[in-house]
Amino acid sequence: MIMTNYSFATSLPAYQDNASTKQKQSEAILSLIKSGVNNLLMLSEVTGLPQSTVSGRCNDLITEGKIFYSGFVTYNNRKRKKILAKVSIEQKELF
C-alpha cells in the first residue's frame, strides 16, 4: 500500500491565503502596542484573538525588528513580560 502525503497540497494554499490576514493582525497589534497595550493577555483581551495567535503575531513582529520585550508589568495580579515598540528614527536633512 502506498501512502501519499497530502499535507503540502492542503496546507500551502491555506498558508498563502492566510498571509494577508496575519499581516493585518500584526499591524493591528503593533498599533495597540504603540498606544500602550503592553502584554500578551491585554492584547488578547483587546483584540479578541486567542493568546496563541497574539503570541504568534508578536513573534513575527519581533523577527521583523518592530517590537521587543523589556522587563515586566503586573496585569490581573500576575507578572507578565512587557512589550514595547521600537522607535524608528528617520534621518532628516539638516539644510
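**Briefing: helices and a hairpin in a predicted model**

In this predicted model, S26 is found in helix α1, which covers residues 7-34. The protein chain contains 3 helices and 2 strands, and their order along the sequence is α-α-α-β-β. Of its 95 residues, 22% are buried.

**S26 in helix α1**

- S26 has a relative accessibility of 3%, so this residue counts as buried; the cut-off for buried is under 20%.
- Apart from its neighbours within four places in sequence, S26 is in contact with R57, D60 and L61.
- One of these partners, R57, is itself buried in α3, and so is L61.

**Helix α3**

- Helix α3 spans residues 51-63, a run of 13 residues.
- From its first C-alpha to its last, α3 reaches 18 Å, close to the 18 Å expected at 1.5 Å a residue.
- The buried residues in α3 include V54, R57, C58 and L61. They lie on the same side of α3, because they cover an arc of only 105° around the axis.
- A general rule helps in reading such a pattern: an α-helix has 3.6 residues a turn, so residues three or four places apart point the same way.
- S52 and T63, on the other side of α3, are exposed.
- Just after α3 comes G65, which takes a positive phi of about 80°.

**I62 and its surroundings**

- I62 also belongs to helix α3. With a relative accessibility of 33%, I62 counts as partly exposed, because that value falls between the limits of 20% and 50%.
- Leaving out neighbours within four places in sequence, I62 is in contact with I67 and Y69.
- The C-alpha atoms of I62 and A85 are 9.3 Å apart, although 23 residues separate the two along the chain.

**The β hairpin**

- Strand β1 (residues 67-75) and strand β2 (residues 78-85) run antiparallel and are joined by 7 bridges.
- Y69 stands opposite I83 in β2; Y69 is also one of the contacts of I62.
- The hairpin has 2 residues between its strands, and N76 takes a positive phi near 55° there.
- In a regular strand, side chains alternate between the two faces of the sheet.

**The chain as a whole**

- Among contacts with a separation of 6 or more, 43% are between residues 24 or more positions apart.
- The accessible surface of the protein chain is about 7,300 Å², and carbon and sulfur atoms account for 54% of that area.

Technical notes. Residues are numbered from 1 along each chain as its sequence is written. This is a predicted model: local features need pLDDT of at least 70, side-chain atom pairs count only at pLDDT 80 or more; totals for chains, interfaces and linings use all residues. Side-chain values use heavy atoms; hydrogens and water are left out. Two strands pair if DSSP finds at least two bridges between them. Helices (H or I, at least four residues) and strands (E, at least two) are DSSP runs, numbered from the N terminus. Buried means under 20% relative accessible area, exposed over 50%, partly exposed in between (1.4 Å probe, protein chains only). Contact means heavy atoms within 4.5 Å. The expected span of a helix is 1.5 Å times one less than its number of residues. The arc is that of the directions from the helix axis to the C-beta atoms. Accessible areas come from the Shrake-Rupley method with a 1.4 Å probe; for residues, only the protein chains shown count as cover.
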